Amino acid sequence: MSDLMVRGGRVVDASGERVADVRVRDGIVVEVGENLEGGDSPELDASGCVVAPGLVDLHVHLREPGDEEAETIDTGARAAALGGFTAVVAMPNTQPPLDDAAVVAAVLARGATTTCDVVSSGCITKGRDGRELAPMGEMHALGVRIFTDDGNCVGDAGVMRRALEYARSLPGAVVAQHAEDPGLARGGHMHEGAWSSRLGIPGRPAAAEDVVVARDVELAGLTGARVHFLHVSSARAVELVRDAKARGLPVSAEAAPHHFTLTDAACSTFDPVFKVHPPLRTDHDVEAIKAGLADGTIDAIATDHAPHTPEAKERPFEEAPPGMLGLETALALALTELVEPGLLTLADALAALSWRPAQIAGIADRHGGPVAPGRPANLCVIDPAVTWEVDAGRLASRARNTPFAGRKLTGRVRHTLLRGEPVVVDGEARR
Amino acid sequence: MKHLLSVDDLGRDGLEEMLALAETFVEVTRRDIPKVPALRGKTVLSLFYEDSTRTRLSFETAAKRLSADTMTFTVGSSSVKKGESLRDTVQTIEAMGVDAMVVRHSSAGAPHRVASWTEASVVNAGDGRHEHPTQALLDLLTLRSHRGPSFGGLHVGIIGDVRHSRVAHSDVKAFAALGADVTLVGPPTLMPESLEGWPVRVAYDFDEVLPDLDVVYLLRIQFERQSEALFPSLREYTARYALTASRAKRLKADALVMAPGPINRGVEIAAEVADGPASVITEQVTNGVAVRMAVLWSLLGSGGSLV
C-alpha cells in the first residue's frame, strides 16, 4: 500500500555494501536492488549517500520522568532521529528511577509514539543505591534487557556478583556497569592528573575505572553472566577488556564520542560543559579508545547523551552536574575522527553504531539491519561528504550542553526512516 | 589587565610592577589619614560564597582607603540558597552597576566563570583549591621588605596541606617566578596528586630540609582532613610537620616564618614561634591591605596620580 523508495544510495550493512535502491512498504523493506521500477510512490533521494541500518545508541539519558526541563522522551527521540538513530536505550537515573516495572511501562508507552524506538533499561538495584536488587525479572518481562545503575557504580562486589548470578535466569539480560569505584572517584570532578592538579579541581583517577573493570571481568568469569562496560574511557580499561575477550569471557564494552575526541585539557576553561563522568582523560587514553574501537575490543559507540538545563551548567565546575549532549554529533564525530583518518572503515564505524549495539541490546530482530527484504525499515541515509559546523542553538535537544559547539564536522544524516516512516527528511525532523 | 584571576595573569614583570605599586600604598597606609581619592565613584563588590572574614575585610579596607564604594554579597544573606545560578546572581548584581567583583568561592574556576559573564573587573579572592593571587602578592611583598627585590638563591619551604591549598598553588608560582627555590614539605597524602610542571622539589622529612630554609611557610591544617584518612592523627602530624619550638631553634638565624592565617597554635606552629622574632605573620596581614589597594587601583584606576 504505502510505498516509499530510497533511491540511488550505496547500501552498507553487516553483509557488505552495494549500490541499490530500497523499496519500503508498510514499514518493511520489500525489495533491494539496482534500478528498481518507480511508479507513483514517493522517493527519497540517496544519491551520493550511504543507506545504512538505523543507528542504535546503548546509552542515552532522556530525563523523563523527573527532569523534563532538560529533555523529554519526545525531544530526545527527535534529537536521536536527527542523529540517525532508530533505537536508543534510555538510562534509568530518572526521578523516579527505572527500578520498577510501572515506571518502565510508562517510559515505554511514552516512547512508542516518538520518532525513535525507546528501549528502556532497568536498574540493577533499588533506588540505584547499590544494595538490594531491583525487580529485574518483572522488568525483563516488559522487555528490559540492559540492567544498569548508570550514574552510579555498583560498588559492592558482593551485590554485583548476586546481580550477575540472578541475571543468568533472564534470557538476553546484560548487566551494564558504570565502572568507577565510588571510594576512588568520590569528590572528584575531572580526570586526576597534571591538569587537575594545575587547575585545583579534585580528580577522579583512571584507577577508579580500572579496578572496577578488572573486578567485574573476574565476576563475569565467576558467574558466567554477561557484563557490559559503559563508557570505557581509560587506556588500562581497554586493555582489561581486550584481555577478558581473549579469555573468552562474556564481556562487551562501549565508548562515547567525547572520549575519543576530547581530553582533560578542555577543563582548563573551567566551563562545566566539559564535565562528565567518567571524565575526559589524556591523549594517551584517547588513542587507546581509538585503538580499542579499531580492533573491536570496544563493541559499540554510545553517546551517553546527558542533557542539562543551561542553569544547571551555569554553576561553577565543581557544583555543576556531569554530562554532555551526544545524539546529534555522534555519527559525524565517528566519521570525522575515526573514518576520515583511516582508523576505521565506514562499515566498521557503522558496526559500532548500529548492528553491534543492536545485538547487545537484544533488539537485533528489528534494528541494526541487514537492509534486506522482510526486515523492518529502520534505516538512515548518510551524506558522508557534507561538512557542517555544530551550532548549539540549533540542536533539537531541549538542552544546549554540547562540548562540540563551533566544531566543523564531516558527514551528516540526510534521512531517517523509523518502521518505514520518514521521520527525518533532508536533515529536517518531520514531526 | 582587566581581571586578576591567577598569578599567571601577572608573570614576573607584572608581579614586580604590582609589588612596586603596593610599596607606594604601604606608605599611604602609614599616614595619619590613610586614604586617597583614587577610586572615588567606583563601586567594588565582595561576592563571597565562602566564609572569610579576614580576606573580605582586607579587600573592603583596601577599597575604602581608595575612596571606592563597597558592597557585600555573602551566601548566607542571599538568594543562592533558593537555587539561583551563579550566572543569574552575577548578572543581577551587574545590573545594579559595579566596577569590580572580588570573588571568593569554594569551587575552582568560579571567578573565571564570573569574568565571562560580567563587564566588571574580577579579582580572585580564593577559588577552591586553585589560586589566591592576592595572598601570593602579599607574601612576596612581605618577603621583599626583608630580603630585597631579588629572591635568587632563597630557599622557601611550604609545609603542610599543599594538596588542598590555593595559597600554596599561587605561592609556588609567585616565589618561583621571582627566582626562589621552592620545596614542598608534607606527607604524600597532602601533596598534589600530580606535580607535573610545578617548579618545586618535594620532601617528606621536614627535619632534613629545615636547616637549609630561608623561609618556612606553614599552611593551616584543617581538622577534617583527619576524617578523610589523609593522616592518622593531629598528634602524629604535629610530631612530623609542625614548627615546634625545638625545630625553630634549628632554623637559620635570619630565617622568616610565614603563614596565611588563621593559624592553629600548637598544631602546625607552636604559639611561641608564631609570636617569636622570626615570625612575620602580622606584617603579612598589614601588607594584604596595600597589595589589594594596588590590585584594585591597577584594575580600576584611570592611570592618574595616586595621591
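This is a short selection tour through a two-chain model, chain A first, then the contact between the chains, then chain B. The model is predicted.

**Stop 1: chain A**

Select chain A and colour by secondary structure. Twelve helices and 19 strands should appear. Align the view to the principal axes. The C-alpha trace spans about 65 × 45 × 40 Å along them.

Next, check the radius of gyration. Chain A has 20 Å, and a compact globule of 431 residues would have a value near 22 Å, so the two agree.

Now colour by burial. Of the 431 residues in chain A, 61% are buried. Then turn to a contact map. Take the contacts of chain A with a separation of 6 or more: residues 24 or more positions apart account for 75% of them.

**Stop 2: where A touches B**

Keep chain A and show chain B beside it. Select the residues in contact across the two chains. You should get 18 residues of chain A and 22 residues of chain B. Which helix gives the most to the side of chain A that touches chain B? Pick residues 194-199 of chain A: this is helix α6, and it gives five residues.

Colour that side of chain A by residue class. Six of its residues are nonpolar, five are polar and seven are charged.

**Stop 3: chain B as a whole**

Hide chain A. Chain B shows twelve helices and nine strands. Its radius of gyration is 19 Å, close to the 19 Å from the globule rule for 307 residues, so chain B is as compact as a globular protein of that length.

Along the principal axes, the C-alpha atoms of chain B fill a box of roughly 55 × 45 × 35 Å. Colour by burial again: buried residues are 48% of the 307 in chain B. On the contact map, look at pairs at least 6 apart in sequence. In chain B, 76% of these contacts join residues at least 24 apart.

**Stop 4: the four-stranded sheet in chain B**

Stay in chain B and find its open sheet of four strands. Read across it in the order β2-β1-β3-β4, with parallel pairing. Select 69-74 and 121-127 of chain B. These are the edge strands β2 and β4, and each pairs on one side only. On average, neighbouring strands of this sheet are turned by 15 degrees against each other, direction ignored.

Move to the inner pair. Select residues 43-48 and 100-105 of chain B. Strands β1 and β3 run parallel here, joined by five bridges. End on one residue pair: B:L45 has B:M101 in β3(B) as its bridge partner.

Technical notes: Residues numbered from 1 in each chain as written. Chains lettered and ligands numbered in written order. Predicted model: local features only at pLDDT ≥ 70, side-chain atom pairs only at ≥ 80, totals over all residues. Helix = DSSP H or I, 4+ residues; strand = E, 2+ residues; numbered from the N terminus. Rg over C-alpha atoms; globule rule 2.2 N^0.38 Å. Buried ≥ 20, exposed ≤ 12 C-beta atoms within 10 Å, placed from the backbone. Contact = placed C-beta atoms within 7 Å. Nonpolar A, V, L, I, M, F, W, Y, C, P; charged D, E, K, R; others polar. Pairing = 2+ DSSP bridges. Axes fitted to C-alpha atoms, helices over the stretch in contact; angles between N-to-C directions.
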